[in-house]
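Work through these exercises with the sequence and the 3D view side by side. Try each task before reading its solution.

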Amino acid sequence: MQQRTHTQPQQPSPFAAPWPEGVIARYLTLVGATVDLRGRDENTSATCTGCGERITLFGERRTRELAQAHAERCRALPRPEAQR
Ligand SMILES: [Zn+2]
């Protein structure tokens, strides 16, 4: 009986990869980068791992909305070191 085994390492996926320290939410962009939320309440900030855009000073609720909106339109590819 022939066994087919794939030993190629899988591409790390944002779904499987452990989240960086302090990240409370991630929004996946169209090209595989993420917009990471950190903090809480008025100290919430979001950073795009693609283009590097930072969203701060809006409070958690608004920051989530802005992060979602940014993730929907950002086309910047994630930097390789952000994919570990
Ligand atoms: Zn971006």
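A salt bridge here is a side-chain nitrogen of Lys or Arg within 4 Å of a carboxyl oxygen of Asp or Glu. Keep in mind that the model is predicted.

**Exercise 1. Find which residue forms a salt bridge with arginine 26, and say whether the pair is buried or exposed.**

Solution.
- Step 1: The partner of arginine 26 is aspartate 36, and their closest N and O atoms are 2.8 Å apart.
- Step 2: The pair links distant parts of the chain, with arginine 26 in strand S1 and aspartate 36 in strand S2, ten residues apart.
- Step 3: Arginine 26 and aspartate 36 are both buried.
- Background: side chains of opposite charge can pair when their charged atoms come close.

**Exercise 2. State how many salt bridges the whole structure holds, then look at the pairs of aspartate 41 and glutamate 65.**

Solution.
- Step 1: The search of the whole structure gives five salt bridges.
- Step 2: Aspartate 41 pairs with arginine 40, the closest N and O atoms being 3.8 Å apart. That distance passes the test, because the cut-off is 4 Å.
- Step 3: Check the cover. Aspartate 41 is partly exposed at 46% relative accessible area. Arginine 40 has 59%, so it counts as exposed; the limit for that class is over 50%.
- Step 4: Glutamate 65 meets arginine 62 in a salt bridge of 3.0 Å, N to O. Both lie in helix H1, three residues apart, about one turn of the helix.
- Step 5: Glutamate 65 is partly exposed at 35%, and arginine 62 is partly exposed at 40%.
- Step 6: Arg61, Arg62 and Glu65 are linked in a network of salt bridges.

**Exercise 3. Describe the secondary structure of the protein chain and the share of its residues that are buried.**

Solution.
- Step 1: Count the elements: one helix and four strands.
- Step 2: Read them along the sequence, and the pattern is β-β-β-β-α.
- Step 3: Of the 84 residues in the protein chain, 31% are buried.
- Step 4: Turn to the surface. The chain exposes about 6,500 Å², with carbon and sulfur atoms supplying 50% of it.

**Exercise 4. Place threonine 63 and list what it is in contact with.**

Solution.
- Step 1: Threonine 63 sits in helix H1, residues 59-73.
- Step 2: Its relative accessible area is 0%, so threonine 63 is buried.
- Step 3: The side chain of threonine 63 reaches the backbone oxygen of glycine 59 at 2.5 Å.
- Step 4: Set aside neighbours within four places in sequence. Threonine 63 is then in contact with Leu37, Thr44, Ser45, Ala46, Ile55 and Phe58.

**Exercise 5. Locate glycine 52 and find its contacts beyond four places in sequence.**

Solution.
- Step 1: Glycine 52 lies in the loop between strand S3 (45-48) and strand S4 (54-55).
- Step 2: Glycine 52 is partly exposed, at 30% relative accessible area.
- Step 3: Beyond those neighbours, glycine 52 is in contact with Thr47 and Arg79.
- Step 4: Glycine 52 and arginine 79 are 27 residues apart in sequence, yet 9.4 Å apart in space, C-alpha to C-alpha.

**Exercise 6. Name the residues that form a nonpolar patch on the surface, and place valine 31.**

Solution.
- Step 1: The patch is formed by Leu30, Val31 and Leu77, with about 290 Å² of accessible area together.
- Step 2: Valine 31 lies in the loop between strand S1 (23-28) and strand S2 (34-38).
- Step 3: With a relative accessible area of 31%, valine 31 is partly exposed.

Notes: Residues are numbered from 1 along each chain as its sequence is written. This is a predicted model: local features need pLDDT of at least 70, side-chain atom pairs count only at pLDDT 80 or more; totals for chains, interfaces and linings use all residues. Side-chain values use heavy atoms; hydrogens and water are left out. Patches are made of residues with over 30% relative accessible area and no salt bridge: like charges are joined within 9 Å, nonpolar side chains (Val, Leu, Ile, Met, Phe, Trp, Tyr) within 5 Å. Accessible areas come from the Shrake-Rupley method with a 1.4 Å probe; for residues, only the protein chains shown count as cover. Helices (H or I, at least four residues) and strands (E, at least two) are DSSP runs, numbered from the N terminus. Buried means under 20% relative accessible area, exposed over 50%, partly exposed in between (1.4 Å probe, protein chains only). Contact means heavy atoms within 4.5 Å. A polar contact is a pair of N or O atoms within 3.5 Å; within protein, one must be able to donate a hydrogen and the other to accept it, and residues adjacent in sequence count only if both atoms are side-chain atoms.
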